[in-house]
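Please open the structure in a viewer and keep the selection tool at hand. This tour proposes one selection after another and states what is found at each.

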Protein chains: 2
Amino acid sequence: MADTPLERIDEIVAAAVRAAEALAETTPAQRAGWLEATAERIERAGDELVALAARETHLPEQPRLRGELARTVFQLRLFAEVLADGEFLRATIDHADPSWPMGPRPDIRRSVVPMGPVLVFTASNFPLALSVAGHDTAAALAAGCPVIVKAHPGHPELSARTRDVLVSALAEAGAPEGTFEIIYGVEAGTTALRHPDIRAAAFTGSVPGGRALFDIANARPRPIPFYGELGSLNPVVVTAGAVEARGEQIAQGFAGSFTLGAGQFCTKPGLLLLPVGHGLEQQLVNAVAAVPEQRMLNDRIAAGYRTGVSVLREQAGITRLVSPDADPADTGFRPTLLSVRARDFLGDREVLDRECFGPASVIIEYDGEDELRAVLEGLEPGLTATVHAEESEYEQVRTLLPLLTRLAGRLLWNGWPTGITLSWAQQHGGPYPATTAPQFTSMGAAAIERFLRPVAWQDFPDALLPAALREANPWQLPRRVDGKR
Amino acid sequence: MADTPLERIDEIVAAAVRAAEALAETTPAQRAGWLEATAERIERAGDELVALAARETHLPEQPRLRGELARTVFQLRLFAEVLADGEFLRATIDHADPSWPMGPRPDIRRSVVPMGPVLVFTASNFPLALSVAGHDTAAALAAGCPVIVKAHPGHPELSARTRDVLVSALAEAGAPEGTFEIIYGVEAGTTALRHPDIRAAAFTGSVPGGRALFDIANARPRPIPFYGELGSLNPVVVTAGAVEARGEQIAQGFAGSFTLGAGQFCTKPGLLLLPVGHGLEQQLVNAVAAVPEQRMLNDRIAAGYRTGVSVLREQAGITRLVSPDADPADTGFRPTLLSVRARDFLGDREVLDRECFGPASVIIEYDGEDELRAVLEGLEPGLTATVHAEESEYEQVRTLLPLLTRLAGRLLWNGWPTGITLSWAQQHGGPYPATTAPQFTSMGAAAIERFLRPVAWQDFPDALLPAALREANPWQLPRRVDGKR
């Protein structure tokens, strides 16, 4: 796909600005209708989209791409539900109160409005669910923001085709022209990110790539919110009790999780913390050796992975539990599993405390709780942190939880961080470098909040208030009135 | 007050980190108790604090500083109410669901946790309400975050004394040591802002100062949320109908609002848009001339104002309606009122479309609705936008509202933007340069959200969940369970 000529960016953004004006006047119910129509059209185009995705990304159709298609359709419908629910509008009304303790209060009412045109940088590893008609697009459209997607170069034909399905679904459903467009090329993306009429941006990808865009967004004469979901180590802590009770099952589960999708998930468990003397080496080696060869998304990612693994396995104190030769001529990869003692990790964590995108993971063997705490205390924050433990160990785990909470946006108990569900309670985020905006989630119902901003109306006549704040509550919203829910 | 030695910063932050660990384990009810105790102690120390404030800032005790004291105490109590209410925890529970449409769902529960140590840069213009025991401090403590305040050099003695009252109130109420501390000096502030254990920062002040700190926060190896409330022009649109119905009253209200507190409010109306031929010149001149001389907060701000006004009044097309000589030897200022035709403003808005902190404002005379729209379309976003209009003009105003909404975080009808109330529905924010984070408010109940981040717990045993998410709902919180409020 040819790069979008830079002179086209102004036209595309101008169309989005016009669309934003129209979108700001639409009702949540209208937008829910668009999302439902889009979900249906994506579903109907499923065979074609999945075939294109398989060709461009090397991901298997079953169960992976079919599952991702279902997820993509589900996301669009989830946001239609969020719109129908109405709580996202955060409608709050304080009537005038002459006896308000800090002094007479005017009538003041607060809700949220769409931010305006949003730029979305799509991900390579979810060509459907985090791409053109993906989660960020669904959340921004739900919020009432036009979307310009910077297509990922890893799946250009799929992106173009998804764009056509999306644009025609939106048009048929009645969305204004300019509500959605796609652009191609790095320079087109950064040019759009600098455009004064872009009001927010979202990104899913690597730490260096996300940081570079975050820096551009912040260096604008008028900076804008930049929601980057960058990288994560996703440490998994296993207690002695858990090893004893179900060591074999943990070895299997871990091998399955870190190699799922060739380890190309931001939630891949990159560190497994096991007590010294766990005795699971053979089970781990067997479980990992049973994983079939997998192709990676594209040559650039494969090359990055080769470099990453070769650096990792040269670190001081590393034991190579499973360390296949990564033949550069070979397109399929077998997973790599390394092991290191906590004291060596603590001695030089520069390389080990960093995400390696692909089917590799590192076991850290800790000798007692102090060493475990020392490892956790120094880790980079991330998206998830997991504990495997037994009921008899609750008190010990309780003392670790504050540490793990500081490290991550999602904590898991006796599970694996890959395979994230989408629901009202989901949280996919965390302190940098997990994301550039730890106050938000990039997945789940609350992801809509990223594209809304609050506005208050003071002493406005009812006829000029947004429907969400009119006295008669025409949309039957849940509201807070005079401090009472 | 001597600058805090840089080697002390590490110790102060380390104490805040220890306090953060303890704070994360406290209940909202405990923190509400601390805020109430602090409010009472500030109230009791009121005479002394007001006297210090009057001496250091030249602000009059009555009604200004007494009102600000009441506001400061009220804020602390408002956040105690927010804590008692519990909705700020956003407790959301999705039980495991094997038939969830996108695939079997684990049990997942979401709430918010405190971010950790917060750095607050205090404002010069509200020595009590936006300073040491001010709004940002109250919101961050309510969230469960330790606070380090960078004192404003404009009121050092008051800052030190307020710190002592606050620290002893917190200690007596049972807050952990290190929950609050103060630092002095520009370099101490920037050193703290760069400290890896500071998790968020808040600032109220000028655009250049705020932008410099925003840039530092974003340039950190691990960037943190930076909530800057910077500057605002606060345009007021007056329609022909409003001029006709109550021109005199508008002239009086405007003069009162832009000169209130010597114009040293971020909500000062800096632009008044009047229809050509309004005929209010004499009323405006009379109303402004009746405002007594006022001293400004300090010499630096007075000097900045002198420069600002002298540049403003030299702009092409400017008419000086009220333009007193600002004698550098004089400590009191009389207000300045300038006027310009919209076409001249549109021709060269570089200087006029910028906040001038102090008792000056500019009237823009617009010739018809198209010219009014052209002026509004090009304005910098801000904190507020106001309309004065009549009931017969609703349809005309309705077409302006989308424009005004894009410009501001608070819209006012037939009122004046100064004198902001605090309540559940208040919104004090807006797109840059109003703030660096338009998704949030720096005032009102929702300001607590700036210092919280969401965390999800997946498949956790009830005994290890935070109380907010336990099945039995021990805190009786409002919660969303399986999608239902």
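The stops below run from the interior to single residues of the backbone and surface. The coordinates come from a predicted model.

**Stop 1: the largest nonpolar core**

Begin with F451(A) and F451(B). These are the residues with the most contacts inside the largest nonpolar core, which has 222 residues. Keep F451(A) selected and display its surroundings. Leaving out residues up to four places away in sequence, F451(A) touches V113(A), P114(A), M115(A) and V118(A), and also D136(A), A139(A), A140(A) and A143(A). The list of residues touched by F451(A) is completed by C145(A), A200(A), A202(A) and Y227(A).

**Stop 2: the largest cavity**

The structure holds 10 cavities of 30 Å³ or more. The largest cavity has a volume of about 290 Å³. To centre the view on the largest cavity, select F214(A), T436(A), A437(A), P225(B) and T436(B), which are the closest to its centre among the 25 residues that line it. Next, colour the elements that give two or more residues to this lining: α8 (207-219) and β7 (226-229) of chain A, together with α8 (207-219) and β7 (226-229) of chain B. Which classes of residue make up the lining of the largest cavity? There are 18 nonpolar and seven polar residues, and no charged ones.

**Stop 3: the end of a helix**

Stay with helix α8 of chain A and select A219(A), which lies in that helix. Is A219(A) buried or exposed? A219(A) has a relative accessible area of 58% and is therefore exposed. Now add R194(A) to the selection. The C-alpha atoms of A219(A) and R194(A) are 8.8 Å apart, and the two residues are separated by 25 residues in sequence.

**Stop 4: two cysteines**

Select C266(A) and C356(A). How many disulfides does a search of the whole structure find? The search over all chains finds zero. For C266(A), the closest cysteine sulfur is that of C356(A), 15 Å away, which is too far for a bond. The converse also holds: the closest cysteine sulfur to that of C356(A) is in C266(A), at 15 Å. A disulfide would require the two sulfur atoms to be within 2.5 Å. Both residues can be sought in the interior: C266(A) counts as buried at 8% relative accessibility, and C356(A) is buried with a relative accessible area of 10%.

**Stop 5: cis peptide bonds**

Move to Y432(A) and P433(A) and display the backbone. The peptide bond from Y432(A) to P433(A) is cis, with omega near 10 degrees. P433(A) is placed in the loop between β16 (410-413) and β17 (452-458) of chain A. Then turn to chain B, where a cis peptide bond joins Y432(B) and P433(B), with omega about 10 degrees. P433(B) is found in the loop between β16 (410-413) and β17 (452-458) of chain B.

**Stop 6: positive phi angles**

Remain in the loop between β16 and β17 of chain B and select N414(B), which lies there. N414(B) is a residue other than glycine with a positive phi, near 50 degrees. With a relative accessible area of 32%, N414(B) is partly exposed. For another example, go to D482(A), in the segment after β18 (480-481) of chain A. Phi of D482(A) is near 50 degrees, again a positive value in a residue other than glycine. D482(A) is partly exposed, its relative accessible area being 35%.

**Stop 7: two buried polar residues**

Select T239(A), in the loop between β8 (235-238) and α9 (240-259) of chain A. With a relative accessible area of 1%, T239(A) is buried. Apart from neighbours within four places in sequence, T239(A) is in contact with P275(A), Y366(A), H388(A), A389(A), E390(A), E393(A), Q396(A) and V397(A). Of these contacts, E390(A) deserves a distance label: its C-alpha atom is separated from that of T239(A) by 7.9 Å, although the residues are 151 apart along the chain.

Finish in chain B with Q75(B), which lies in helix α4 (residues 61-85). Q75(B) is buried, with a relative accessible area of 1%. What does Q75(B) touch, residues up to four places away in sequence not being counted? It touches A129(B), G134(B), H135(B), A138(B) and L422(B).

How values were computed: Residues numbered from 1 in each chain as written. Chains lettered and ligands numbered in written order. Predicted model: local features only at pLDDT ≥ 70, side-chain atom pairs only at ≥ 80, totals over all residues. Heavy atoms only, no water. Buried < 20%, exposed > 50% of the residue type's maximum accessible area, 1.4 Å probe, protein only. 1 Å grid on protein atoms, 1.4 Å probe; cavity = no way out; pocket = protein on both sides within 12 Å on 5 of 7 lines; lining within 4 Å. Points joined across faces, edges and corners; volume = space filled by probe spheres on them. Helix = DSSP H or I, 4+ residues; strand = E, 2+ residues; numbered from the N terminus. Nonpolar A, V, L, I, M, F, W, Y, C, P; charged D, E, K, R; others polar. Core = buried A, V, L, I, M, F, W, Y, C linked by side-chain atoms within 4.5 Å. Contact = heavy atoms within 4.5 Å.
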